[in-house]
Amino acid sequence: MKNKHDINKIFQIFHSVNPYPRIELEYHNSYTLLVAVLLSAQSTDKMVNRVTSKLFKVIDNPKAMIELGLEGLIEYIRSIGLYNSKSCNIINLSKKLVSDSVAEIPNDFDYLLSLPGIGRKSASVILNSYYNEPYIGVDTHVHRVSNRIGLVKTKNAHETEKSLYKCAPIENRIYVHHWLVLHGRYVCKARNPECDKCIVRGYCAKYRKDNKRKDS
């Protein structure tokens, strides 16, 4: 893990370029955000937005989703990866919300985890994006970028999450997930990272290591 000065500098740079990042998924209310986040697992936000632009015109609450039914939902999201399991989870979580008389998705991490298809990352993203809570959702982008830059040295998403909470400055914590996701999505890509476009390459562990090899 980097020293505190370098970590703070990295987040200062991200903040200077994009001070108020936000989620790229499109939604109308807490329920549609919940659905969009669930659909985004192993799918691109662009693909999710493409299908939800039609779905959310007719569905914006759990009762309406139940009335649409499993087969009806599948027709809207068939182009999304894992659409069968995702549609089952969406219908089941909608039934739970109705059973629990939940009109607004609660600002409650544990309750979100009780919903079918919602894990730690999804719960964190929902609370961060909708309620502006300083949660850090760790997906593949966040895990990869955090380790590649050298913010953390971890083996899995849960370890990365815990380490980021320890190292990320409190004043910037609400934006950490978004900065790392966007950086991983558009610059620090998995296969072909575009280091020439990287605004934090001067503090990146991998970039320094690779350039040191070139100079030797």
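1. Domains. In this predicted model, the domain assignment divides the chain into domain 1, made of residues 4-21 + 136-213, and domain 2, residues 30-103. Taken over C-alpha atoms, the centres of domain 1 and domain 2 lie 30 Å apart.

2. Annotated binding site. The unreviewed UniProt entry carries a "binding site" annotation on C188, C195, C198 and C204. These residues gather at one spot, because no two of their C-alpha atoms are more than 10.6 Å apart although the set spans 17 residues in sequence. C188, C195, C198 and C204 also belong to the lining of the largest cavity. The annotation comes from the record and may be inferred rather than shown by experiment.

3. C195. This residue sits in the loop that runs between α10 (173-186) and α11 (205-215). C195 has a relative accessible area of 32% and is therefore partly exposed, since the partly exposed class lies between the 20% and 50% cut-offs. Leaving aside residues up to four places away in sequence, C195 touches R201 and Y207.

4. C198. The loop between α10 and α11 also holds C198. With a relative accessibility of 10%, C198 counts as buried, the cut-off for that class being under 20%. With residues up to four places away in sequence again left out, C198 is in contact with H183 and V187. Of the two annotated cysteines described here, C195 is partly exposed, whereas C198 is buried.

5. G202. The place of G202 is likewise in the loop between α10 and α11. G202 is partly exposed, at 44% relative accessibility. In sequence G202 and I149 are 53 residues apart, while in space the C-alpha to C-alpha distance between G202 and I149 is 9.8 Å.

6. Cysteines and disulfides. A disulfide is a covalent bond between the sulfur atoms of two cysteines. With a cut-off of 2.5 Å between the sulfur atoms, the count of disulfides in the model comes to zero. C198 is in no disulfide, and the nearest cysteine sulfur to it, that of C204, is 5.9 Å away. Both C198 and C204 are covered by the "binding site" annotation. Another cysteine, C88, is partly exposed, with a relative accessibility of 34%.

Terms used. Residues numbered from 1 in each chain as written. Predicted model: local features only at pLDDT ≥ 70, side-chain atom pairs only at ≥ 80, totals over all residues. Heavy atoms only, no water. 1 Å grid on protein atoms, 1.4 Å probe; cavity = no way out; pocket = protein on both sides within 12 Å on 5 of 7 lines; lining within 4 Å. Helix = DSSP H or I, 4+ residues; strand = E, 2+ residues; numbered from the N terminus. Buried < 20%, exposed > 50% of the residue type's maximum accessible area, 1.4 Å probe, protein only. Contact = heavy atoms within 4.5 Å. Domains from an automatic or database assignment.
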